[in-house]
Amino acid sequence: MEALRPPVNPETALVSSQAPIRKGYAWNATHRKMESVHYAEVNGLAIMEGDMIIGTVEEVEARTREVEARGEIEASSIHAQGVAVDNLDTRWLNSTVPYTIDPALSNPSRVTDAMNAWQQATNIRFVLRTASNASQYPAYVTFRTGTTPGVCTSSVGRVGNQQWVNLVPECSTGNTMHEIGHLLGLWHEQSREDRDSFVRIRWENIMDGHASQFETKTTYGADLLAYDYNSIMHYDAYAFSKNGLPTIETLGGQTIGNRTALSPGDVASIRLIYSIDNLELFVGQTYMDVLARPADLNGFWNALDWLRSCNGDSTCIAATRTSFARSLFESQEHRTQHPELDPSSPNYNSAYVTRVYTAFLRRQPDPEGYNWWLNALNSTGDYRGIINGALNSSEYRQRFGQ
Ligand SMILES: [Zn+2]
């Protein structure tokens, strides 16, 4: 009897067994480090594990030479050795993903439905990129019909200019949710280092040449969350099967390959990557909030070193976050942008209160808050206190869905 073979998942249909396999490095947003990976070369693109575009082959080769020349792949070592900052943070700024949908894409509601699923469960926001806001959003994603039949793919994380999610008609809403997971920075669940405690890979059923699609990634410390069989980022049981038999078996009979809804673990992963408690995110976000620009390399690493010197002590981190934000707030650059922040002006305290609200809470102060803080500044000069109050308010955290 012929084995019952499920339809091939379009997420794993792209890479033929003839595609050359190469070694390179890709940025893992969850582990915050460059990881050594294998990728297949398809039409000049570096494709990892079937549907993840980690760059053009040329880009990935250049990155690989750079990382290997320096001999270190951990983020803090890259810092010391000066690998380009572009590779250090592939998250979407302000948790906002500007997007367009190619008018030729069939069934665009699968895209809007998938975006809504992520948007309802996390602090990620999708903003339609239009002619009027295009200059504000140089980095954006376009959902379009894939050029390769039977295939859905996505770039991993934010690239920095236009990037694509490629969807053929076979890509369902669930497949689109999966591709958006890659777009936000997630990798496949079954590539975790600890996966052999949860699943058994049936190597004998994997298409020839595709064993590297099942390699595990070395972890940077422990994985932060429990192994998630129900993740929308987990391969299905038949991924890259050559004979219709499963390539992945779960050790306890759990079901894998969910493409129906985001799992609580998927949501938690994105919340961690995009959490304001994530020090890299906090530093980058504070530059955007105060100076309305991304952090420069030196500023980014100096702030991060300062925060990391707390060794995880939460009281120290809270105090250092405030000191760092205040140093940007009172910098010459910020004063030049906001001439009303002139310490010699009689209106300085008033301008300070207003700007703290607009920078960190994204609104004008309400009269009660305004009067309370103005009085505090006038009587005690507590400039540190007002910034501390903003950063530790529930309103600030709610900006990040927390
Ligand atoms: Zn995938």
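Select strand 8, residues 152-155, where both faces are covered: Cys152 and Ser154 on one side, and Thr153 and Ser155 on the other, are all buried. Here a residue is called buried if 20 or more other C-beta atoms lie within 10 Å of its own, exposed if 12 or fewer, and partly exposed in between, with the C-beta atoms placed from the backbone. Helices (H or I, at least four residues) and strands (E, at least two) are DSSP runs, numbered from the N terminus. What you are looking at is a predicted model, in which local features need pLDDT of at least 70 and side-chain atom pairs count only at pLDDT 80 or more, while totals for chains, interfaces and linings use all residues. Residues are numbered from 1 along each chain as its sequence is written.

**The partners of strand 8**

Keep strand 8 on screen and add strand 4, residues 52-56, which pairs with strand 8 in the parallel sense over two bridges; two strands are said to pair if DSSP finds at least two bridges between them. To see one of these places, select Ile53, whose bridge partner in strand 8 is Ser155.

Next add strand 9, residues 162-167, which runs antiparallel to strand 8 and is joined to strand 8 by three bridges. Thr153 is a good residue to pick here, since Thr153 stands opposite Asn166 in strand 9. Follow the chain through the hairpin of strand 8 and strand 9, which has six residues between the strands, and stop at Gly157, which takes a positive phi near 75 degrees.

**Three histidines from a record**

Now select His178, His182 and His188, where UniProt, in an unreviewed entry, places the feature "binding site". UniProt positions are given in the numbering used here, feature names are shortened, and annotations may be inferred rather than shown by experiment.

His182 has its place in helix 4, residues 173-184. Is His182 buried or exposed? His182 counts as buried because it has 25 C-beta neighbours inside 10 Å. If neighbours within four places in sequence are left aside, His182 is in contact with Met52, Ser154 and Val156, where contact means that the C-beta atoms of two residues, placed from the backbone, lie within 7 Å. Ser154 is a residue you have already met, as one of the buried residues of strand 8.

Move on to His188, which is found in the loop between helix 4 and strand 10 (199-201). His188 also counts as buried, because 24 C-beta neighbours are inside 10 Å. With its neighbours within four places in sequence again left aside, His188 is in contact with Glu49, Met233, His234 and Tyr235.

**Two stops in loops**

Select Phe214, which lies in the loop between strand 10 and strand 11 (248-250). Phe214 is buried, with 21 other C-beta atoms within 10 Å, and, apart from neighbours within four places in sequence, Phe214 is in contact with Ile201 and Ile206.

For a contrast, select Gly252, in the loop between strand 11 and helix 5 (264-273). Gly252 is exposed, because 7 other C-beta atoms lie within 10 Å. Add Phe198 to the selection as well: the C-alpha atoms of Gly252 and Phe198 are separated by 7.8 Å, although the two residues are 54 residues apart along the chain.

**Two helices with a buried side**

Select helix 7, residues 297-308, and look for its buried residues, which are Trp301, Ala303 and Leu304. Seen down the axis of helix 7, these buried residues fall within an arc of 160 degrees, so they line one face of the helix; the arc is that of the directions from the helix axis to the C-beta atoms. Turn to the face directed away from the buried side, and you will find the exposed residues Asn298 and Asp305.

Then select helix 12, residues 383-391, whose buried residues are Ile386, Ile387, Ala390 and Leu391. They cover an arc of only 130 degrees around the axis, which puts them on the same side of helix 12. To see what covers these buried residues, show the helices that include helix 8 (314-329), helix 10 (348-361), helix 11 (367-380) and helix 13 (394-398).

**The whole chain**

Finally, zoom out to the protein chain, which has 13 helices and 11 strands. Its C-alpha atoms fill a box of roughly 85 × 45 × 40 Å, taken along the principal axes, and buried residues make up 37% of its 402 residues.
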